[in-house]
Amino acid sequence: LQALYEVSAFLAQTNDLKAMGAGFCERVRKLMKADAIALRWSGDDQSRYLILASDQFPHQLQEEERCLRAGICACGNLEPDARTRVIPIISSDIAPLQHCTRVGFENLISVPIRLHQKLLGEIDLFFKRDVTLSVEEHELVDTLATQLASAIEGLRAVALEREAAISGERAFLARELHDSIAQALAFLKIQVQLLR
């Protein structure tokens, strides 16, 4: 509960997507005692996963997997009904996973990120040792993923509100400018008629 509260409080007070992603990754990696973490976000069609943030994830892997095509390895290979799972990397024959074995990762915990039943991305926790996930840890990472999705959606809603406010202000200024120009032209027309 303390870990959930700390991460939730951090998400609630952060207003920048980059800072939110980095801070979330750092906290969750330490909490789960993972060797590295990558936060991947998918587009609407879920054909590609972009690395939104990471912590202790090797730079070389970030470059190789910055935009990962869905289905080519265990990362970014979520089905719509996917659940949190532990994936042994060493025993896999999927070629792209050799990136992970090259740096010594042996296991991966993949946590789907959902909001209102829509799959948005995943949290990938990498381990250089065997790992198991207790029921409490399973519930915790699922809840943290939901908290992250809500926080990012909140940032998106604020950005949309800001855009709408700016658009409204621009429309107001355009109307005012149009009205003032129309008034000036009408006044000039009257003045020209009086001069005649």
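**Briefing: helix packing, buried positions and loop residues in a predicted chain**

Gln56, at 52% relative accessibility, counts as exposed, because the cut-off for exposed is over 50%. The model is predicted, and the protein chain has a mean pLDDT of 82, with 92% of its residues at 70 or more. The points below cover confidence, the pairing of helix 1 with helix 2, two buried residues of helix 5, a partly exposed residue of helix 5, and two loop residues with positive phi.

**Confidence**
- Among the elements of the protein chain, the highest mean pLDDT, 92, belongs to helix 2 (residues 17-32).
- The lowest mean pLDDT among the elements, 74, is that of helix 4 (residues 98-102).
- Where pLDDT is low, predicted coordinates should not be read in detail.

**Helix 2**
- Helix 2 is made of 16 residues and spans 22 Å between its first and last C-alpha, close to the expected 22 Å at 1.5 Å a residue.
- Its buried residues are Met20, Gly21, Gly23, Phe24, Cys25, Val28, Arg29 and Met32.
- Lys33, with a positive phi near 55°, follows helix 2.

**Helix 1 against helix 2**
- Helix 1 (residues 2-13) packs on helix 2 at an angle of about 170°, and the two axes are 10 Å apart.
- The two helices are therefore roughly antiparallel to each other, as angles over 145 degrees are classed that way.
- On the helix 1 side, the contact involves Ala3, Val7, Phe10 and Leu11.
- On the helix 2 side, the contact involves Ala19, Met20, Gly23, Phe24, Arg27 and Leu31.
- By class, this contact of helix 1 with helix 2 has eight nonpolar residues, one polar and one charged.
- Met20, Gly23 and Phe24 of helix 2 take part in the contact with helix 1 and are also listed among the buried residues of helix 2.

**Buried residues in helix 5**
- Leu148 is part of helix 5 (residues 135-195).
- Leu148 has 0% relative accessibility and so counts as buried.
- Leaving aside residues up to four places away in sequence, Leu148 touches Leu11, Met20, Phe24, Leu39 and Ile113.
- Among these partners of Leu148, Leu11 comes from helix 1, while Met20 and Phe24 come from helix 2.
- Leu148 and Leu61 are 87 residues apart along the chain, and their C-alpha atoms are separated by 23 Å.
- Ala149 also lies in helix 5, and its relative accessible area of 1% makes this residue buried.
- Ala149 touches Ile113, Arg114, Leu115 and Leu120, again not counting residues up to four places away in sequence.
- Ile113 is thus listed for Leu148 and for Ala149.
- From Ala149 to His116 the C-alpha distance is 9.6 Å, with their positions 33 residues apart in sequence.

**A partly exposed residue in helix 5**
- Ala182 belongs to helix 5 and is partly exposed, with a relative accessible area of 38%.
- The C-alpha atoms of Ala182 and Glu26 are separated by 58 Å, the two residues being 156 residues apart along the chain.

**Loop residues with positive phi**
- Lys33 is located in the loop between helix 2 and strand 1 (36-42).
- Although Lys33 is not a glycine, its phi is positive, at about 55°.
- Lys33 counts as exposed, at 60% relative accessibility.
- Gln56 is located in the loop between strand 2 (48-55) and helix 3 (59-64).
- Gln56 is not a glycine either, yet its phi is positive, at about 60°.

Terms used
Residues numbered from 1 in each chain as written. Predicted model: local features only at pLDDT ≥ 70, side-chain atom pairs only at ≥ 80, totals over all residues. Heavy atoms only, no water. pLDDT = per-residue confidence, 0-100. Helix = DSSP H or I, 4+ residues; strand = E, 2+ residues; numbered from the N terminus. Expected span 1.5 Å × (residues − 1). Buried < 20%, exposed > 50% of the residue type's maximum accessible area, 1.4 Å probe, protein only. Axes fitted to C-alpha atoms, helices over the stretch in contact; angles between N-to-C directions. Parallel < 35°, antiparallel > 145°, perpendicular 65-115°, else oblique. Contact = heavy atoms within 4.5 Å. Nonpolar A, V, L, I, M, F, W, Y, C, P; charged D, E, K, R; others polar.
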